[in-house]
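Here is a short tour of a protein model with a ligand bound to it. Have a look at the view below, and then we can go through the binding site and a few points of backbone geometry together.

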Amino acid sequence: MVILMLTSSVVLLLTCAAFFTYELTTFKEKAFQGLSTLGDVIATNSTASLAFDNESDATEVLSALKARPQIIAAALYDSDGKLFARYPAAFPADSFPRVPEHDGFRSEGSRLLGYMPVVQGDNNRLGTLLLESNKSAMYDRLTRYTALAALVMLVSLVVAYLLAAALQGHISRPILAMAETAKAISQRGDYSVRAAKIGEDELGLLTDAFNHMLGQIEEQDRAIRESHERLNLALKASGVGTWVWDITNSRMSWDEFTYPLFGVQPGAFAGTYDSFLALAHHDDRGRVRAEMERAGATSEAYESIFRVRWPDGTIRDLSARGKVLPGTTGQLSRMTGVFWDITERKRAEERMKGLVVELERSNKELELFAYVASHDLQEPLRMVSSYTQLLERRYSDKLDDDAREFIGYAVDGASRMQRLINDLLDFSRVSTRGRPLALTDVGEILGTVRANLGVAMEEAGAILTSGQMPQIVADAGQIGQVMQNLIGNAIKFRNGTGPHVRVQAVESESSWEFSVHDDGIGIEAEYFERIFVIFQRLHTKGDYPGTGIGLALCKRIVERHGGKIWVESKPHEGSTFFFTIPKRDHSGTA
Ligand code: ADP
């Protein structure tokens, strides 16, 4: 309203001032014109009195000016410039200029005056007429004009005021409605409120846009709340606490999940960087400070593990991660991150490390024991075996059938024990006597295995087929043992005669998968795991000879190479043994 009133007042004032100035100048011109016309009439009427030097006539002519109240004085000068007649006649002669001045009009103070020639005929100058007029007409007019202007201004301002009062509602009501809405939202945080739309004009459009914006904010607010909820749940479930370090002001703020990690109540933490450092274990404090400040200065990712000392003396291990946030001034001034407790994990890791060391030690001991035992058993066994064989050879004709049969059992037992000891020796040597891994042609290995198993294959009428075999990085001797055991088993556990054994290799991205397939007796699914355990056999030695070490040996060898071994089988249909060997470069690195 103030703007409207001010604008209209200034416009009116400027308009009036312009008219006023215009009026002032035109009035002067008109007044001079009037004076000159009047002067012409008086001059024409005075020519005779001047020509005949008749002063009373001249005074008579001048006295006609009485009809013009604005003419305050007039005078006639003769051709010599002497005052000839004057008006009003009562005015003393010396109150008029003694001689006429140049022809022309001018304004002097509150008077207008003009000198005009009195001419007879074409250019016979008889004298000069002086006319003096006051400006009262002009002042009257100007006064009237001012009063009118003031009236117009007053009326205009009243009209402007009424108009503004009526119009301002249109403008301010929608704006006030929006302001009210904005206030309600900022006070209650309720984004579902909308501003009332008043009218279909630009302000209506603005209200629509404002409400649309509110809709988007509401949607974003909902999304933020949701993700906040999710984050809170995740933080709570995982025991992760978040922190913000205001580097510039050396302050640190924690969320509710961080306090328990430091064993303090929210009120007991001063919220400063130093009070955080004070909670770090004194042996780690310097490092924590250095690491955090380095990350803060270089804006590198921050990652650390340190101990904290709870006020009750408990020591806990915390893991921390953080990153620098660009500050509002464009300088790096804030860092945010997370803490979580890894005490249990660290303890478990330490326990595990201890167990691994212990396991390795006892494994080594066992290996040594198995090696020494089997090695040392060989000698007496050889003695038993050779002497029973000697007994059999030399005294068989002196012994009765029972004794010969018993000696046969002893010889058989001794040779089985020999096999067992050899197998055990092989088993114990997998890691101790293994050779370094080198580029190995599996096709060549298969050739050797085929030769080694030649007799058994011939006896069984077995057929061995193989696909394209790769070159792998492995211990050739051990891979040969695996192949020989698997193929040997495939022939041994055959279904009737003429078993068919198929060896294949399939390449994957990171390893080679070998398979040995047979059409033998098969294995029940429940034994798939057990058969790889040492001494575990599914048959008596009467049905199928063996020591129960073969598959356990294969498992150890494959695992030494970083691979896996397993079986798929159906009873009476056949079995397929699979094993993988990871790909390595020639140096043996996987
Ligand atoms: P062994 O061959 O000396 O008995 P292994 O460790 O080689 O010992 O095998 C363990 C057991 O797994 C065998 O006794 C046999 O019961 C079963 N087995 C192994 N290979 C096959 C196969 N190809 N078909 C059926 N059963 C098998």
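The report below starts with the overall layout, moves on to the ligand and ends with the backbone.

**Layout**

Please keep in mind that this is a predicted model. The protein is divided into four stretches: domain 1 (2-142), domain 2 (239-341), domain 3 (345-433) and domain 4 (434-582). Measuring tape aside, the computed separation between the centres of domain 1 and domain 4, taken over C-alpha atoms, is 144 Å.

**The ligand and its surroundings**

Where does the ligand sit? The space it takes is the largest pocket. Three elements give two or more residues each to the shell around the ligand, namely α12 (476-492), α13 (550-560) and β17 (574-582). Of these, α12 gives the most, with three residues.

In total, 21 residues surround the ligand, and the closest are Asn489, Asp518, Arg537, Gly548 and Leu551. By character, the shell divides into nine nonpolar, nine polar and three charged residues.

Three of the closest residues, Asp518, Arg537 and Leu551, also have polar atoms at the distances listed here.

| Residue | Protein atom | Ligand atom | Distance |
|---|---|---|---|
| Asp518 | side-chain N or O | nitrogen | 2.9 Å |
| Arg537 | polar side-chain atom | oxygen | 2.6 Å |
| Leu551 | backbone N or O | oxygen | 2.8 Å |

Asp518 thus pairs with a nitrogen atom of the ligand, while Arg537 reaches an oxygen atom through its side chain and Leu551 reaches an oxygen atom through its backbone. How much of the ligand does the protein cover? On its own the ligand has 520 Å² of accessible area, and the protein covers 98% of that.

**Backbone geometry**

Two spots deserve a look if you plan to check torsions. Most residues other than glycine have a negative phi, and most peptide bonds are trans. Against that background, the peptide bond from Tyr87 to Pro88 is cis, with omega near -10°. Pro88 is placed in the loop between β2 (83-87) and β3 (104-108).

The other spot is Ser250, a residue other than glycine whose phi is positive, near 55°. Ser250 is also found in a loop, here the one between β6 (240-246) and β7 (251-254).

Methods
Residues are numbered from 1 along each chain as its sequence is written. This is a predicted model: local features need pLDDT of at least 70, side-chain atom pairs count only at pLDDT 80 or more; totals for chains, interfaces and linings use all residues. Side-chain values use heavy atoms; hydrogens and water are left out. A residue is near a molecule or strand if one of its heavy atoms lies within 4 Å of it. A polar contact is a pair of N or O atoms within 3.5 Å; within protein, one must be able to donate a hydrogen and the other to accept it, and residues adjacent in sequence count only if both atoms are side-chain atoms. Accessible areas come from the Shrake-Rupley method with a 1.4 Å probe; for residues, only the protein chains shown count as cover. On a 1 Å grid over the protein atoms alone, a cavity is a set of points where a 1.4 Å probe fits but cannot get out, and a pocket is an open set with protein on both sides within 12 Å along at least five of seven lines; lining residues have an atom within 4 Å of a point. A molecule sits in a cavity or pocket if more than half of its atoms lie within 2 Å of its grid points. Helices (H or I, at least four residues) and strands (E, at least two) are DSSP runs, numbered from the N terminus. Ala, Val, Leu, Ile, Met, Phe, Trp, Tyr, Cys and Pro count as nonpolar, Asp, Glu, Lys and Arg as charged, and the others, Gly among them, as polar. Domain bounds come from an automatic or database domain assignment.
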